[in-house]
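The following note sets out comments on the model for a colleague's consideration. The ligand surroundings are taken up before the domain arrangement.

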Amino acid sequence: MRRGIALVLSAPSGAGKTTLIRRLRAEFPDFGYSVSCTTRAPREGEVDGRDYTFLSRDEFGRRRARGAFAEWAEVHGNLYGTPLAPVQEMLANGRDALFDIDVQGAAQLRLNLDAATFIFILPPSMAELERRLRLRGQDDDAAIERRLANARRELREAAWYDALVVNDDLDTAYDRLRAAYVAATLAPARNAHLVDGLLATS
Ligand code: 5GP
């Protein structure tokens, strides 16, 4: 059976990753989505268990100590982690899984998962990133400064990703993200059963 692909998406906040992920999941509804755990407070409209599993710092620490996370990281002062068991199950069942995680976590997944494709979503410019963060109205000035400083740190890691997608025009960015995903599904390492099947009948 074909093994599922882990599609890992990282981007500085404000780059438009959430919108792109929504589109990808709408077009490919079979995608398994890894719901992360976080210690940050829910934002308006966020649903526990759908957007994140919201945990206290104590509970997060307990789960981390028993090895429940495939990776974890501290981002903007909050802890985030990817639960390991659902990921292993999805990939083993041949289901592709989508991950929305920061670069520190992506680097850990690169070590912990054998079949993963890493895509970095870039903003068209730092000025546009700042404009989008302000427009979103979720953060005060200090938080926006923190996010911009963090964005610069994250951008330095973009070089080891498999694909870079600039999110200037949303449709173009989506086409490129889609192309990177489809290309990843065609890799021989993930499709050995196709050749094996042909050889078995010859
Ligand atoms: P936000 O709080 O805005 O939803 O997310 C902040 C950052 O945390 C984003 O860069 C997002 O990709 C990252 N993040 C979300 N879930 C996880 C996770 O499970 N692991 C890691 N390492 N980062 C995550």
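1. In this predicted model, 16 residues surround the ligand, and those that come nearest are Ser-36, Arg-40, Tyr-52, Tyr-80 and Asp-102.

2. Oxygen atoms of the ligand have polar partners in the protein. Tyr-52 places a polar side-chain atom 2.6 Å from a ligand oxygen, and Asp-100 does so with a polar side-chain atom at 2.8 Å. For Gly-81, it is a backbone N or O atom that lies 3.2 Å from an oxygen atom of the ligand.

3. The protein is divided into two domains: domain 1 is made up of 1–32 + 95–202, while domain 2 spans 33–94. Their centres, taken over C-alpha atoms, are separated by 18 Å. To the contact, domain 1 gives 28 residues and domain 2 gives 17 residues.

4. Together, domain 1 and domain 2 bury about 2000 Å², and 56% of this area is on carbon and sulfur atoms. Nine residue pairs, with both members at pLDDT 80 or more, are in polar contact across the interface. By contrast, zero salt bridges are found between domain 1 and domain 2.

5. On the side of domain 1 that touches domain 2, the elements giving two or more residues are α1 (17–27), β7 (97–100), α4 (103–112) and α6 (141–155). The largest share, five residues, comes from α4. Sorted by class, this side of domain 1 has eleven nonpolar, nine polar and eight charged residues.

Definitions and conventions
Residues are numbered from 1 along each chain as its sequence is written. This is a predicted model: local features need pLDDT of at least 70, side-chain atom pairs count only at pLDDT 80 or more; totals for chains, interfaces and linings use all residues. Side-chain values use heavy atoms; hydrogens and water are left out. Domain bounds come from an automatic or database domain assignment. Contact means heavy atoms within 4.5 Å. Buried area is the accessible area (1.4 Å probe) that two parts lose on being put together, summed over both. A salt bridge is a side-chain nitrogen of Lys or Arg within 4 Å of a carboxyl oxygen of Asp or Glu. A polar contact is a pair of N or O atoms within 3.5 Å; within protein, one must be able to donate a hydrogen and the other to accept it, and residues adjacent in sequence count only if both atoms are side-chain atoms. Helices (H or I, at least four residues) and strands (E, at least two) are DSSP runs, numbered from the N terminus. Ala, Val, Leu, Ile, Met, Phe, Trp, Tyr, Cys and Pro count as nonpolar, Asp, Glu, Lys and Arg as charged, and the others, Gly among them, as polar. A residue is near a molecule or strand if one of its heavy atoms lies within 4 Å of it.
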